[in-house]
Amino acid sequence: MQKNTKDQYGTVSKILHWGMAVLIISMLFCGLIMTDLSPSPFRWKVYMIHKSVGLVILFLIVSRLVWRFINIVPELPKSLPATHRNLAKLSPYILYAMMIVMVLSGYIMSDMGGYAISFFDIFTLPHLFSKNQSLSAIAAKTHGIAAYCFIVILTTHVFAAFYHHFVLKNEVLKRMLPSSSKKGI
């Protein structure tokens with residue numbers, strides 16, 4: 001597996017980025033529709049899958065952060081203004097923070113609400129907190145608000161990538177595309 005270089009993201013970074021993108025976008029859509037489902041075995045199955053994928057995402061967040069800290073991050077084009085460079089350096093941390101808020105608030109909401117957190121019906125996580133409906137409700141509100149904030153942040157992230165590609169015509173987007181590679185990498 002290729003590591004990152006000063007010009008390009010490596011294979012592991014790309015797999016983590018695009019895999020997490022698919023999972024997170026799917027989770028956001030699922031979260032928006034699942035609360036409107038009528039109480040039924042199907043609804044509880046959807047919730048179980050939502051929680052399970054949330055746990056997978058937590059594992060991937062940790063993996064991605066470790067990978068990010070043991071690899072170099074490709075350099076930004078020197079032609080970018082300082083404001084753009086600073087925003088580009090800050091944005092991954094905002095995205096990581098939102099991912100962590102989403103997972104933790106979802107976990108706390110379920111655990112303190114007295115609901116089991118099953119991992120794809122393979123095993124159930126032990127309850128870490130006592131049942132507390134008030135704190136569960138706060139976590140639920142946080143989870144919902146964070147989801148909408150996350151949608152805005154992700155949309156901004158996508159538009160920024162397109163702005164780099166179509167307006168600035170630089171390599172920022174290309175270096176994260178699955179098919180992109182430079183000779184010698």
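This section describes the fold, the nonpolar core and selected exposed positions of a predicted model.

The chain comprises 4 helices and 2 strands, arranged along the sequence in the order α-α-α-β-β-α. The C-alpha trace extends over about 55 × 30 × 25 Å along its principal axes. Of the contacts in the chain with a separation of 6 or more, 68% join residues that lie 24 or more positions apart.

Confidence was assessed for the chain and for its elements. The mean pLDDT of the chain is 94, and 96% of its residues reach 70 or more. Among the elements, the lowest mean pLDDT, 95, belongs to α3, and the highest, 97, to strand β2, which covers residues 123-125. Where pLDDT is low, predicted coordinates should not be read in detail.

Buried residues account for 36% of the 185 residues in the chain. The largest nonpolar core contains 21 residues. Within this core, the residues with the most contacts are Ile24, Ile57, Met99 and Phe150. Two or more core residues are contributed by each of α1 (11-34), α2 (41-70), α3 (82-112) and α4 (133-167). When neighbours within four places in sequence are set aside, Met99 is in contact with Met20, Ile24, Ile61 and Phe150. Ile24 and Phe150 thus appear both among the contacts of Met99 and among the core residues with the most contacts.

The exposed surface of the chain amounts to about 11400 Å², of which carbon and sulfur atoms supply 72%. The chain carries 18 positive and 6 negative charges. The mean position of the positive charges lies 6 Å from that of the negative charges.

Two nonpolar residues of helix α4 were examined individually. Val152 is located in this helix and has a relative accessible area of 54%; because this value is over 50%, Val152 is classed as exposed. Val152 and Met109 are separated by 43 residues in sequence, and their C-alpha atoms are 22 Å apart in space.

Phe166 is also part of helix α4. Its relative accessible area is 54%, so Phe166 likewise falls in the exposed class, for which the cut-off is over 50%. Between Phe166 and Val62 the separation is 104 residues in sequence and 32 Å in space, taken from C-alpha to C-alpha. Helix α4 therefore holds exposed residues such as Val152 and Phe166, while also giving two or more residues to the largest nonpolar core.

Note on methods: Residues are numbered from 1 along each chain as its sequence is written. This is a predicted model: local features need pLDDT of at least 70, side-chain atom pairs count only at pLDDT 80 or more; totals for chains, interfaces and linings use all residues. Side-chain values use heavy atoms; hydrogens and water are left out. A nonpolar core is a set of buried Ala, Val, Leu, Ile, Met, Phe, Trp, Tyr and Cys residues joined through side-chain atoms within 4.5 Å. Buried means under 20% relative accessible area, exposed over 50%, partly exposed in between (1.4 Å probe, protein chains only). Contact means heavy atoms within 4.5 Å. Accessible areas come from the Shrake-Rupley method with a 1.4 Å probe; for residues, only the protein chains shown count as cover. Lys and Arg count as positive and Asp and Glu as negative; His and the chain ends are not counted. The place of a charge is taken as NZ of Lys, CZ of Arg, CG of Asp or CD of Glu. pLDDT is the predictor's confidence in each residue, from 0 to 100.
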